[in-house]
Amino acid sequence: MAAHSSAAVVAAQTEGPQGIELFLPAGYDLFWSAVVLVIIAVAFYKMILPQMNRVLDERSALIEGGIEKAEAAQKQADEALAQQQLLLAEARADAAQVREEARAEGTAIIKELKAKASEEAERIAETARRQIEADRQAASVSLRSEVGALATDLASKIVGESLEDSARQSRVVDRFLDELEASQAVASNKEA
């Protein structure tokens, strides 16, 4: 049996490749594989690679164009935002100025109206004082004449003599009224 197995091993060694040669193909397989590889490489290099490069270049250009457009749009948006902020700041400043002007104008109008009201009140008070003074003088004149007539009648009845003389009558009335005013002045001084 040993002879038989060694004969099988010797036969197996002479029939086919052994060792590393098991993994290497035959020379003609390598040659034709290399020829096919070269044909495929040339076809790939001449036909497919230029189309792939063109597609990649187009995509690259589109991406770059998109980036440029995005940058331009961003720049425009930034400029628009800056412009809007500037306009907003100007509008706020204008609004503040209008408010201040309105406040100042309102204050001026109020002062003017107060001044007019004060002048009107002063005029009304002066008119009232004049009217009171005129009424007081008219009442004084009327009172003098009435008191004078009453005093003359009373004095005529008491004395029994007629006091029809106007000069005498006027002196009596004036003296009576002067005494009356003096007594009122003394009474008002005592109260104060």
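Let me begin with one residue: Glu 120 is partly exposed, with a relative accessible area of 35%. On the scale used here, buried means under 20% relative accessible area, exposed means over 50%, and partly exposed lies in between, for a 1.4 Å probe and protein chains only. The partner of Glu 120 is Arg 123, and their side chains form a salt bridge with an N to O distance of 2.2 Å. A salt bridge here requires a side-chain nitrogen of Lys or Arg within 4 Å of a carboxyl oxygen of Asp or Glu. Arg 123 is partly exposed as well, at 46%. The two residues are three apart in helix α2, which means that about one helical turn separates them.

Before I continue, a word on the source. This is a predicted model, in which local features need pLDDT of at least 70 and side-chain atom pairs count only at pLDDT 80 or more, while totals for chains, interfaces and linings use all residues. Residues are numbered from 1 along each chain as its sequence is written, and side-chain values use heavy atoms, with hydrogens and water left out.

How confident is the predictor? The mean pLDDT of the chain is 83, and 83% of its residues reach 70 or more; pLDDT is the predictor's confidence in each residue, from 0 to 100. Among the elements, helix α2 (residues 27-159) has the highest mean pLDDT, 89, and helix α1 (residues 2-15) the lowest, 55. Where pLDDT is low, the predicted coordinates should not be read in detail.

Now to the overall architecture. The chain has three helices and zero strands, and along the sequence it reads α-α-α. Both kinds of element are DSSP runs numbered from the N terminus, helices being H or I over at least four residues and strands E over at least two. Of the 192 residues, 4% count as buried. The chain exposes about 16,500 Å², of which carbon and sulfur atoms supply 62%; these accessible areas come from the Shrake-Rupley method with a 1.4 Å probe, and for residues only the protein chains shown count as cover.

I return to the charged side chains. How many salt bridges are there by this rule? The count comes to seven. One of them joins Arg 54 and Glu 58, at 3.2 Å from N to O. These residues lie four apart in helix α2, so about one helical turn separates them. Arg 54 is partly exposed at 44% relative accessibility, and Glu 58 is partly exposed at 41%.

Another salt bridge links Arg 130 with Glu 126, at 3.4 Å from N to O. Here too the residues are four apart in helix α2, about one helical turn. Arg 130 counts as exposed, at 57% relative accessibility, whereas Glu 126 is partly exposed, at 29%. Through salt bridges that share partners, Glu 126, Arg 129 and Arg 130 belong to one network.

Next, the aromatic side chains. The search of the whole structure finds one aromatic pair. It consists of Phe 31 and Trp 32, whose ring centres are 5.0 Å apart and whose planes stand at 75°, so the pair is edge-to-face. Rings of Phe, Tyr and Trp (its six-membered ring) pair if their centres lie within 6.5 Å; planes under 30 degrees apart count as stacked, over 60 as edge-to-face, and the rest as tilted. Phe 31 is partly exposed at 49%, and Trp 32 is exposed at 52%.

Finally, a nonpolar patch on the surface consists of Ile 20, Leu 22, Phe 23 and Leu 24, with about 520 Å² of accessible area together. Patches take residues with over 30% relative accessible area and no salt bridge, joining like charges within 9 Å and nonpolar side chains (Val, Leu, Ile, Met, Phe, Trp, Tyr) within 5 Å. Ile 20 lies in the loop between α1 and α2 and is exposed, at 61%.
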